[in-house]
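Here is a short report on one protein chain. It moves from the whole chain to its cores, then to single helices, strands and residues.

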Amino acid sequence: MAENHPMLPCLLDPSFGIPTDVTFQIMGLEDLDNQNGQEKEVMLGEVHGHKIILGLFSPVFKRAFFGPAKESKDVIPVRQTTLEAFRLLVDYIYSKDIDWKYLTILEIYDVVNLAEKYEIQKLMEKLKTQVKSFPVEMEDVMEVANTANQFKQFPEVSSALMIRCAEVIKESLKTSEKLLQFATDQSGTGNEEHILKLMTMIKLPNSTCENCRQVDCLNGKLITRSDQFYVGCKMSISKDSVTYWPSYGTGVNGQKLYTVKDLPQNPGNNTQCTVQITDSDNENGPQLAMHVLYHNNYTFCYKCE
């Protein structure tokens, strides 16, 4: 909504009693059958409004309806947009509820184009905010980045969308090794320019795994030294140690997770550390002391993913 004006949506309801005084005819092109690809212009639909309301929110509408060279017609054709986008523009001006999250990225850019054309900065800010949280899946991230580049004439929104793509890549590929492999995979796909931009936007505080703290992630690898433990480290019971503690290895719904709560007090493999056991059945499980090495088997392995 443009502003919180509860009476504005009522103006578009004919039963409210205040008629509209301008009609926009949204024009588009339609292919002619068997005419060598020729097209004809057709009317896609009409959108109605009040000149004074539109002029209050848009400097372009204000000049068009109330300026020195004001429009004398009450029916105005509008081209190079979609009926849905123009309706959203008018709905925004009239403070109607709009569920932006159901729009595709191309539909958002259709409205961005109108927000710029009619100089409605608050709508542009709204759309910029929307793309910052646009739901992007990893398998679609390069396609979305390509769309952002195609519409780089709208730098505010396209920059925000590229940042969103960079966030998705960073969240999905947490190590430098995976990022490098993903970037390498884009070679020869036509996405080289886009991936270069995205890589420069991704800033990792460090290139190590957040859990094992190694550049090459040690997920599933045995923890063989007491100095490899730290408070908050996530682990699972090693395959060999499950033989001795089968109930500690798995819960009802899968493998249990062990989180270090207290570091070993003395160096050496036969010392103990305090861990908390959690699984999908119990997020706040019991704490207990367990040996780093037991019956010549290392107890824990890293659980990084």
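The text below describes a predicted model.

## The chain as a whole

The chain holds 10 helices and 12 strands. Of its 305 residues, 40% count as buried. The accessible surface comes to about 17,700 Å², and carbon and sulfur atoms account for 50% of that area. Many contacts reach far along the sequence: among those between residues at least 6 apart, 62% join residues at least 24 apart.

## Two nonpolar cores

The largest nonpolar core has 60 residues. Within this core, the residues that touch the most other members are Phe 24, Phe 61, Phe 86, Leu 89, Tyr 118, Leu 123 and Leu 198. Another core lies apart from it and has 17 residues. Among them are Tyr 230, Ile 237, Val 275 and Leu 288.

Several of these names return below. Phe 61 sits in helix α2. Leu 198 sits in helix α9. Phe 24 has a bridge partner in β3.

## Helix α2

Helix α2 spans residues 59-66. Val 60, Phe 61 and Phe 65 are buried there. Seen down the axis of α2, the buried residues fall within an arc of 115°, so they line one face of the helix. In general, an α-helix has 3.6 residues a turn, so residues three or four places apart point the same way.

What covers this buried side? The cover includes β1 (22-31), α1 (51-57), β3, α3 and α4. Both strands and helices are on that list.

## Helix α9

Helix α9 runs over residues 192-201, and its buried residues are His 194, Ile 195 and Leu 198. They cover an arc of only 95° around the axis, which puts them on the same side of α9. The face turned away from this buried side carries Leu 196 and Thr 200, both exposed.

The buried residues of α9 pack against three helices: α6 (141-150), α7 (155-172) and α8 (176-185). Leu 198 shows this residue by residue. Leaving aside neighbours within four places in sequence, Leu 198 is in contact with Met 142, Ala 145, Met 162, Cys 165, Ala 166 and Ile 169.

## Strand β3 and its partner

Strands β1 and β3 run parallel and are joined by 4 bridges. Phe 24 has Ile 76 of β3 as its bridge partner.

Which side chains of β3 are buried? Ile 76 and Val 78 are; they point to one face. Val 75 and Pro 77 point to the other face and are not buried. In a regular strand, side chains alternate between the two faces of the sheet.

## Two positive phi values

Most residues other than glycine have a negative phi. Gln 80 departs from this, with a positive phi of about 60°. Ser 95 also has a positive phi, near 60°.

Their places can be compared. Gln 80 lies in the loop between β3 (75-78) and α3 (83-93). Ser 95 is found in the loop between α3 and α4 (105-117). Buried or exposed? Gln 80 is exposed, with a relative accessible area of 77%, whereas Ser 95 is buried at 4%.

## Cysteines

How many disulfides does a search of the whole structure find? The search finds 0. Two cysteines were checked for their nearest cysteine sulfur; for Cys 233 that sulfur is on Cys 304, and for Cys 301 it is on Cys 304 as well.

| Cysteine | Nearest cysteine sulfur | Distance |
|---|---|---|
| Cys 233 | Cys 304 | 7.2 Å |
| Cys 301 | Cys 304 | 9.3 Å |

A disulfide needs sulfur atoms within 2.5 Å. Cys 233 is in no disulfide, and neither is Cys 301. Cys 233 is buried, with a relative accessible area of 0%. Cys 301 is buried too, at 9%.

## Two more buried residues

Gln 130 has its place in helix α5 (residues 121-132). Is this polar-named position buried or exposed? At 14% relative accessibility, Gln 130 counts as buried, because the cut-off for buried is under 20%. Not counting residues up to four places away in sequence, Gln 130 touches Trp 100, Lys 101 and Ile 108.

Met 290 lies in strand β9 (residues 287-291). At 3% relative accessibility, Met 290 counts as buried. The C-alpha atoms of Met 290 and Val 275 are separated by 7.3 Å, with the two residues 15 apart along the chain. Val 275 is one of the residues of the 17-residue core.

Terms used. Residues are numbered from 1 along each chain as its sequence is written. This is a predicted model: local features need pLDDT of at least 70, side-chain atom pairs count only at pLDDT 80 or more; totals for chains, interfaces and linings use all residues. Side-chain values use heavy atoms; hydrogens and water are left out. Helices (H or I, at least four residues) and strands (E, at least two) are DSSP runs, numbered from the N terminus. Buried means under 20% relative accessible area, exposed over 50%, partly exposed in between (1.4 Å probe, protein chains only). Contact means heavy atoms within 4.5 Å. A nonpolar core is a set of buried Ala, Val, Leu, Ile, Met, Phe, Trp, Tyr and Cys residues joined through side-chain atoms within 4.5 Å. The arc is that of the directions from the helix axis to the C-beta atoms. Two strands pair if DSSP finds at least two bridges between them. Accessible areas come from the Shrake-Rupley method with a 1.4 Å probe; for residues, only the protein chains shown count as cover.
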